[in-house]
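Trainee: I'd like to take a close look at one part of this model with you. Could you walk me through it once it is on screen?

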Amino acid sequence: MVPTNPVITPPLYTPPLYTPPVVVPTTTTTPTPTPTTQGPSPAPKCTGGPSAQQLIAVVEGTPGIPDEPLKVTTGPFCSGNWQFSVMEIVADDAEDEYEPLAVVTTGLPAALKLIEAGADVCSNEVQTQAPIGIRVRACGA
């Protein structure tokens, strides 16, 4: 007898499906610069007074202010009827150093009213009533 070979069919080959990788394009974005807003301008130098002597006269004799000769070192700066200046004690010796004295006044040069004098003149009155240019000088904002 002749052996009969049944036909063996090979298994059906199914190649794997190729899935290409997902490529996400990388982009570099440069942040858009935020426009800088410039704050309010400080008060400009006074053009019509008061003089240094008028400012010194309104400060002299004020409680808490040393009874020493003063000189105006910065200013005065004006906005409306308000003024800001910086004074210091006139040193007898080159080695003497004194803390600057900031001064805020209001009124006409011949009739000044002292609002604040000291190392920090950013008082409630200055913050709420002074023109913005004076507040910039006295308070920094």
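Which residues in the largest nonpolar core touch the most other members? Please build the picture outward from there.

Mentor: Gladly, and keep in mind throughout that this is a predicted model. The largest nonpolar core has 13 residues, and those that touch the most other members are Trp-82, Phe-84, Val-104, Val-121, Val-126, Ile-134 and Ala-138. Two or more residues each are given to this core by strand E2 (82–89), strand E3 (101–106) and helix H3 (132–139). E2 supplies the largest share, three residues.

Ala-138 is a good place to zoom in. Setting aside neighbours within four places in sequence, Ala-138 is in contact with Phe-84, Val-104, Val-121, Cys-122 and Val-126. Apart from this core lies another one, of 11 residues, including Leu-55, Ile-56, Val-59 and Leu-70.

Now for the framework around these cores. The chain has three helices and four strands, and from the N terminus the elements follow the pattern α-β-β-β-β-α-α. The four strands make an open sheet in the order E1-E2-E3-E4, with antiparallel pairing. Strand E1 (70–79) and strand E4 (113–118) stand at the edges with a single partner strand each, so one side of each has no neighbour in the sheet. From one strand to the next, the twist averages 20°.

Let's stay with E2, as it gives the largest share of the main core. Seven of the eight residues of E2 are buried, so the strand is largely enclosed by the rest of the structure. On one side, E2 pairs with E1 in the antiparallel sense over seven bridges. Two of the bridge pairs help you to trace that register on screen: Val-72 is partnered with Met-87 in E2, and Ser-79 with Trp-82. E1 and E2 form a hairpin with two residues between them, and Gly-80 in the turn has a positive phi of about 60°.

Turning to E3, six bridges join it to E2, and the two strands run antiparallel. Here Trp-82 appears again, with Thr-106 as its bridge partner in E3. Trp-82 therefore has a bridge partner in each direction, Ser-79 and Thr-106, and is also among the core residues that touch the most other members.

As a general point, side chains in a regular strand alternate between the two faces of the sheet. With that in mind, have a look at Ser-85, which is found in strand E2. Ser-85 has a relative accessible area of 1%, so it counts as buried, the cut-off being under 20%. Leaving aside neighbours within four places in sequence, Ser-85 is in contact with Leu-55, Val-72, Thr-74, Pro-76, Leu-101, Ala-102 and Val-103. One of those contacts, Leu-55, is also a member of the 11-residue core.

The helices complete this part of the picture. Helix H1 (residues 52–59) lies across E1, E2, E3 and E4, running at about 105° to E1. H3 also packs on the sheet, where it touches E1, E2 and E3, and its direction makes about 25° with that of E2.

There is a charged contact on the hairpin strands too. A search of the whole structure finds one salt bridge. It joins Lys-71 and Glu-88, whose closest N and O atoms are 3.7 Å apart. Lys-71 lies in E1 and Glu-88 in E2, so the pair ties together parts that are 17 residues apart in sequence. Lys-71 is partly exposed, with a relative accessible area of 39%, and Glu-88 is partly exposed as well, at 27%.

For a contrast with Ser-85, try Gly-64 in the loop between H1 and E1. At 78% relative accessibility, Gly-64 counts as exposed. Gly-64 and Gly-118 are 54 residues apart in sequence, yet their C-alpha atoms are 8.5 Å apart in space.

Finally, a few whole-chain values put the close-up in context. Buried residues make up 28% of the 141 residues in the chain. Among contacts between residues at least 6 apart in sequence, 44% join residues at least 24 apart. The accessible surface comes to about 10,400 Å², and carbon and sulfur atoms account for 56% of it.

Conventions
Residues are numbered from 1 along each chain as its sequence is written. This is a predicted model: local features need pLDDT of at least 70, side-chain atom pairs count only at pLDDT 80 or more; totals for chains, interfaces and linings use all residues. Side-chain values use heavy atoms; hydrogens and water are left out. A nonpolar core is a set of buried Ala, Val, Leu, Ile, Met, Phe, Trp, Tyr and Cys residues joined through side-chain atoms within 4.5 Å. Buried means under 20% relative accessible area, exposed over 50%, partly exposed in between (1.4 Å probe, protein chains only). Contact means heavy atoms within 4.5 Å. Two strands pair if DSSP finds at least two bridges between them. Axes are lines fitted to C-alpha atoms, for helices over the stretch in contact, and angles run from 0 to 180 degrees between N-to-C directions. Accessible areas come from the Shrake-Rupley method with a 1.4 Å probe; for residues, only the protein chains shown count as cover. A salt bridge is a side-chain nitrogen of Lys or Arg within 4 Å of a carboxyl oxygen of Asp or Glu.
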